[in-house]
Amino acid sequence: MVPTMADLQLTDDVPPVADDGVWLACIECGETFAPFDEIRYTCDHCDGLLEVRYDDLPTFDEFEGSGVWRYNAALPFEEGITLPEGDTPLHEMPRLKDDIGVDALRVKHEGMNPTGSFKDRGMTVGVRVAQEVGVDRLACASTGNTSAALAAYGARGGMETLVLLPAGKVAAGKIAQASLHRARILEVDGNFDQCLDIVQDLAARGEAYLLNSLNPFRLEGQKTIGLEIMEEFYADNGEYPDRIVLPVGNAGNTAALYKCFRELVKAGAITEEQVPKLTGVQAEGAAPMVEAIENGYEDTRRWDDVETRATAIRIGNPVNAPKALPGIRETGGTAVAVSDEEITEAQRDIAGEGVGVEPASAASVAGLRKLRREGEVDSDESVVCLTTGHLLKDPEAAAEAGNEPEPVANSTEAVLDLIEEPSSVTETIRRQASKAADAPLVPALVASGLGVAYLYRKLRSKK
Ligand SMILES: *Cc1c(COP(=O)(O)O)cnc(C)c1O
Ligand SMILES: [Zn+2]
């Protein structure tokens, strides 16, 4: 059974197991547990997901400092193992905003965290908890970014890290990070979901401390994405965004954002009407959450075969679905699947505004464009798209999506000859022109001609 809003409701009763006003609660059966006495990731009784609860929830005026630990009044500790993380930019996207056709568009670029993804926000809290419970081996299954973040924060905390990756399905930048930060990397002949099955087994046998997003403390750190968006968007616009669009893999962020908003409402910091609509985007080849939303399922069905170039969200069994599905439904949001072509196109569009993101991140913008086109999103909405990881995480995907380098002889004359010819630059101009015009050929030829003439004159005038 997927919990309803009522099951996820934050209560005023502080159970006797609470430690300094913090405890764990099962979202299925309501059982409560002491937070740090024993290691557990799910409910002892029903195996349901656990959530961190607090006796005292802060409003915005209780936050000070910057980054994740600015929000320590909403976290289980005052400080953690920090590199430091959070405080990421909320970019304006003026051309993309007009092109997609919404009232306001911002991109919250989580690729600007220390290891290049939002996973750092979860790890700064999660590794602090690992210290508290006294473990020395940390482990995760990962599509890449979790392993990079865990390796870095584990190294910082002086702990051993073990990461299980699906062989051949992790982007180069991410493996490089895990490797240099001294993680032990095991490449499993299987997909992410199968890696997670194994790591959960290891954790259950006490062999390692699990730092996948099943660990409820990680989501506490990731909750600060929502707090930053709300504070910054309000400071700039005098209101909160109508909608937040984000890529969905294990649905940890979707769950974390929903928890952020429930806590803000409970604290009286915002009203229920001010909660942004949570809108999840998946790749067509890995879309169990979209399937569940579209069909009104209580829980997701596990997809055994998943495929997408957005490897960070190549996940068929989103473990946080029981927390995230109510988040999408209760906030009035939705979920949508996009093709790999739409993802690549969005990656180019975002890059065209100077912001570099990895493919999974671009899914948010691709999803917004699709929902806007279908009329699911109104033109008068203000929207924040979450971009979860940095462009350099997946250099191969970036090179494939971008312009082709052109070989040229080692002389100015050769360069001039080449740039007079129709080239990949001309190709790009032609592509853009044909996108703008319905009758592509003639305007495209004119545009490309003009483009090349312009470039040529510009270069000549520099000579
Ligand atoms: C982990 C990750 C995701 C998926 O996030 P969930 O919280 O698991 O839904 C999306 N994009 C990138 C780049 C990631 O690293
Ligand atoms: Zn339970």
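The following exchange goes through a predicted model and the criteria behind its descriptions.

Trainee: What limits apply to this predicted model, and how are its parts numbered?

Mentor: Local features need pLDDT of at least 70 and side-chain atom pairs count only at pLDDT 80 or more, whereas totals for chains, interfaces and linings use all residues. Residues are numbered from 1 along each chain as its sequence is written, and chains are lettered from A and ligands numbered from 1 in the order in which they are written.

Trainee: What makes aspartate 47 count as exposed?

Mentor: A residue is buried if 20 or more other C-beta atoms, placed from the backbone, lie within 10 Å of its own, exposed if 12 or fewer, and partly exposed in between. Aspartate 47 has 11 C-beta neighbours inside 10 Å, so it counts as exposed. Aspartate 47 sits in the loop between β2 and β3.

Trainee: Is alanine 251 buried or exposed, and why?

Mentor: Alanine 251 has 28 C-beta neighbours inside 10 Å, so it counts as buried. Its place is the loop between β10 (243-247) and α7. In the protein chain, 49% of the 463 residues count as buried.

Trainee: What is unusual about phi in these two residues?

Mentor: Most residues other than glycine have a negative phi, and most peptide bonds are trans. Aspartate 47 has a positive phi of about 70°, and phi of alanine 251 is near 65°. As for peptide bonds, a cis one joins leucine 83 and proline 84, with omega about -15°. Proline 84 lies in the loop between β3 and β4 (90-92).

Trainee: Why is strand β7 called largely enclosed?

Mentor: Six of the seven residues of β7 (residues 160-166) are buried, so the strand is largely enclosed by the rest of the structure. Strands here are DSSP runs of E of at least two residues, and helices are runs of H or I of at least four, both numbered from the N terminus. The protein chain has 15 helices and 13 strands.

Trainee: How do you know that β6 and β7 pair?

Mentor: Two strands pair if DSSP finds at least two bridges between them. Strand β6 (residues 137-141) and β7 have five bridges, in the parallel sense, so they meet that criterion. Leucine 138 stands opposite threonine 161 in β7.

Trainee: What makes β2 and β3 edge strands?

Mentor: The open sheet has the order β2-β1-β3, with antiparallel pairing. β2 (32-33) and β3 (50-54) each have a single partner strand, so one side of each is left without a neighbour in the sheet. Five bridges join β1 (residues 22-26) to β3, where tryptophan 23 stands opposite arginine 53.

Trainee: Why is a set of residues called a nonpolar core?

Mentor: Such a core is a set of buried Ala, Val, Leu, Ile, Met, Phe, Trp, Tyr and Cys residues joined through C-beta atoms within 7 Å. The largest has 121 residues, and Leu150, Met289 and Ala363 have the most contacts inside it. This core draws at least three residues from each of domain 1 (86-116 + 216-396) and domain 2 (119-210); the bounds come from an automatic or database domain assignment.

Trainee: Which residues surround ligand 1 most closely?

Mentor: The shell has 18 residues, and the closest are Asn145, Gly249, Gly252, Thr388 and Gly389. A residue is near a molecule if its C-beta atom, placed from the backbone, lies within 6 Å of it. Helices α7 (252-267) and α11 (359-373) each supply at least two residues of this shell.
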